[in-house]
Structure formats: C-alpha cells, structure tokens
Amino acid sequence: MNRRRFLTGGSSGLALATALRSGESFSAGGRKLKAGLIGCGWYGMVDLRHLMATGRAEVVALCDADKTILGAAADEVAGVQKERPATTGDFRAMLKAHKLDVVIVASPDHWHALHTIAALESGADVLVQKPISHTFLEGEAMVKTARRLNRVVQVGTQRRSTAHIVKAREFVAEGNLGPVGMVRAYNYRDGRSAGNPPDGRPPPDLDYEMWTGPAPMRPYNPLVHPKRWRLFEEYGNGILGDMGIHMLDVARWFLGLTYPTRVTSTGGIFVHKDGKANTTDTQLVTYDYGSSTLIWEHRLYSPPIDPKWTWGVDFHGEKGTLRVSVDAWDFTPSKGAGKPAHVGAEYEEDPRKLEAPYARRAGRAHMANFLDAVASRQRPVADIEEGHISTALCELGTIAQKVGRTLIWDAKKKRVVADEEANALLRRAYRKPWVYPEG
C-alpha cells in the first residue's frame, strides 16, 4: 500500500468538513444539528458532552429506561443550552417525535443493534458505542442498514482519534518495525465487581422490562445496573468486548488486518468463582492471520509485572517491539535496527484520572471526525464496518471459548466451517416482542 494512502486512509476529508449535507443536517445558513441520546449513563453523557462542546448541535431529546439517570442528564443539558431536551423511556417515541439529524447510542451492548437500526431508519446518522453488537449477525444487519440508507455511522473506538496512537500508526507505516509476526493485546486491570449482593426488586425509577428488552429476563441484581452489566453474558461481551475491542481494533488498524482464518480460546472463571458475573476472569484468544498471529489476553486479578502497562498492545517485528497504550508508546529496537523512542499522551494532569485532558481530547477529536463525516458524507475514521470486524473478533473469541475448540472462519460466507454449533451462536433468540434484525 502506498504510504500516503495508508496515512490518510479512513479520514473523513477535513477539507470538506464545512460542506453542506444536502437537504438534511445543515441548512444554507449552517444551522445546528438536532441531536438525541439513547442511554444517558456514564459514557453516554461523556459522548454527549463532547458533542455539546463542538457547538455544532442542539440536544433536543434524551432517552433512558432509568428516570433518575434521565432526569439528571436533562438537568445537565439544560444548564448548557437554552432549551431543555425532551425526555422519554422509549426510544421509538423519541425517534418518532423528533426528526433528529444525529443520534448517540450508548445503551448496553444487547440493545445496540435495535437502537442503531431504528435511528438509521428514522433518517439520522449515528455514533454507536463499542462493541457495536452483542452477536455477529446483529453487526451484519447494522452494516447493511447503514449502507442501504447511505448513513454515516461512527463507532466509539476512539483510539483511532487518540493523537499519540495516530503517531504510532505513522511510525509503523514508515517501516520502522519491518515485518510484524506477532501482536499481543492485553488487559490486566481488575474489572471484576466487588461483593456479591442478592437479587432483589428493581429500583422504582427503573423500567426493568424495557431495560432488559430483547435479552433473557433474569432477576434484577444491583451489580447489573447501571455499570456492571458488561460482566453478564445476557447483556454484554465481557472484558474481551469491553476492553479487548479497543486494542484489537488498534492492531487491525495499524496492520490493515480484517478477519482471521482461525480462532482459538482458552480460559474461564478461575479466581472470582463466588460472584454472580458469568463472563471470564481469565482468557487467552489466538487469531491466526496466516503470516502473523494476533493474541488477546486478560486476567482480572493479580497486578501486572509492569504497572505502567496494564492495558495495551505490543507489536513484535523484525526491527523491534512497539508497545502502545492509552498513556504512551515505546519502541525498543532489535540490535542494530535503530534508536529507542518514547511518545507520551498529550495531557497536563494525571492520566489515570477519569476523563483526564488527553481522554477529553481523544473523545472530542472522535466526535469532530463524526460530525465532519456527517457534513461531507464520507466515511468516518471508525466506520461501522471497521467496528463490526473488530467486534466480530471479540464475538468469535467468545464463541470459541464456549464450544471449546478452534473455529475455522470463512470470511466470504461469514460462517464457521463445518461447525453448526458455533454458527448457531452467531445469533441468539430475542425475548418477545422484540424481533431479531435480519438486515
């Protein structure tokens, strides 16, 4: 691939950032976009703050199944803009009542497909949080819908908009690693829930029926809502889908990888056996790309050997090793192959603090890229298809873990070769009345 094309590929065309979206998002006078948010919890509000900070949108509607969270979000937005946004617990009512230009989808994973597809069909462009789907065929339906309707969809894999990681990608493109034979992505942060509270009644302000939606109905547990649902397979994709997708996406983005040919996984719940969470606390997934191997590893206990590298991705090439994390990247050359290099994240405060300046910069850059793509009608840096492939790596890793054998993946047919048990897990039954999207 031509180096210039490599470095500019996937951009939204910043030179066209002020182009008018014909007949929809921008009037001749450059009116603000009408925006809505589905899922007003922690990261939904992070995304919404980034949107409001651009000054390019007016938040007209918010949706959440939890009235307490919904009210707090509306209060915050009302303190920033002139008009208080409308609120509802039903996304269908929000999309029907307001002709929205852009919608942020930040609901739990099991809702992403239905929320995104409904927003696209209502005429909006979408920023959907990662992972984009709960099952592979949901992701297929999301990509098909976006392409059929010619909508812009940005995925919340904001490492593609993180300044020092963009520089690391350029470093690789310049040939500083030579051929890369192995990539290891990892997470050693303790992401498991503390305590083991009993099941009970949902809070009075939570519409648990709507929150559960297409997922299996299980007794309410305070670990699940509002933050720990990711550790339950009914709603989330575990640590692999939560943290793994970011670094697996970085690996694919740097090296131009798509689907692997084989996927193998080992692990389980080896340490946190007394909790209610049912996703792995220990897992190693190997993705075979023929000429290189991509590995994901996580353990949610025991401190890392190097406390500076708790979540990242290591590229092992002929000319040296490149370590990349959200805080920095380091290059250690092979003997006689060059000089060591270190590039830190751009921040002024402790990078471990929640929403530190470097994190805000990456999030705002990612949001700006999305809005530029909305204006130009070009694909954003984290286009829905890229997000689907990176999500699929997580989903295939989970399937390989469940069936206990190596998957042979046919990327053209989008199926596991000669393994109907595994193929059955590419989708799941929806709880009525919700209907599985077929694209």
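User: What makes β8 and β15 a pair of strands?

Analyst: In this predicted model, strand β8 (residues 262–268) and strand β15 (residues 407–410) run antiparallel and are joined by two bridges. Pairing requires at least two bridges, so the two found between β8 and β15 meet the cut-off. One of the residues involved is Arg262, whose bridge partner in β15 is Ile408.

User: Why are β14 and β16 called edge strands?

Analyst: The ten strands of the open sheet follow the order β14-β13-β12-β11-β7-β10-β9-β8-β15-β16, with mixed pairing. Both β14 (341–344) and β16 (415–416) pair on one side only.

User: How do you know that helix α7 packs on the sheet, and at what angle to β12?

Analyst: Helix α7 (residues 163–173) touches β12 (320–325), β13 (328–333) and β14. The direction of α7 makes about 160 degrees with that of β12.

User: What makes the pairing in this sheet mixed?

Analyst: Strand β7 (residues 180–187) runs parallel to β10, with six bridges joining them. Within that pair, Arg184 has Ile295 of β10 as its bridge partner. On the other hand, strand β9 (residues 282–288) runs antiparallel to β10, and seven bridges join these two. There, Val285 stands opposite Trp296 in β10. Both senses are present, therefore the pairing is mixed.

User: What lies between β9 and β10?

Analyst: Four residues separate β9 from β10 in a hairpin. In the turn, Gly290 has a positive phi of about 85 degrees.

User: Why is β10 described as mostly covered?

Analyst: Buried means under 20% relative accessible area. Six of the seven residues of strand β10 (residues 293–299) are buried, so the strand counts as mostly covered.

User: How do you know that β12 pairs on both sides, and which residues show it?

Analyst: Strand β11 (residues 311–317) pairs with β12 in the antiparallel sense over six bridges, and β12 pairs with β13, also antiparallel, over five bridges. Each count reaches the required two, so both are pairs. Arg323 of β12 shows both sides: Asp314 stands opposite Arg323, and in β13 the bridge partner of Arg323 is Asp330. A hairpin of two residues connects β11 to β12, and another hairpin, through two residues, connects β12 to β13.

User: Which residues touch the most other members of the largest nonpolar core, and which helix gives the most to it?

Analyst: That core has 95 residues, and Phe254, Tyr287, Trp296, Phe315 and Leu322 touch the most other members. Helix α9 (residues 238–255) gives the most, with ten residues. Leaving aside neighbours within four places in sequence, the contacts of Tyr287 include Leu240, Leu248, Trp296, Leu393 and Cys394. A second, separate core holds 26 residues, among them Leu37, Leu51, Val59 and Leu70. In soluble globular proteins, nonpolar side chains tend to be buried together.

User: Why is Cys394 called buried?

Analyst: Its relative accessibility is 1%. The cut-off for buried is under 20%, so Cys394 qualifies.

User: Why is there no disulfide at Cys63?

Analyst: The closest cysteine sulfur to that of Cys63 is in Cys40, at 7.1 Å. A disulfide needs the two sulfur atoms within 2.5 Å, so this distance is too far for a bond. The structure holds zero disulfides.

User: Is Cys63 buried or exposed?

Analyst: Cys63 has a relative accessible area of 4%. That value falls under 20%, so Cys63 is buried.

Definitions and conventions:
Residues are numbered from 1 along each chain as its sequence is written. This is a predicted model: local features need pLDDT of at least 70, side-chain atom pairs count only at pLDDT 80 or more; totals for chains, interfaces and linings use all residues. Side-chain values use heavy atoms; hydrogens and water are left out. Contact means heavy atoms within 4.5 Å. Axes are lines fitted to C-alpha atoms, for helices over the stretch in contact, and angles run from 0 to 180 degrees between N-to-C directions. A nonpolar core is a set of buried Ala, Val, Leu, Ile, Met, Phe, Trp, Tyr and Cys residues joined through side-chain atoms within 4.5 Å. Buried means under 20% relative accessible area, exposed over 50%, partly exposed in between (1.4 Å probe, protein chains only).
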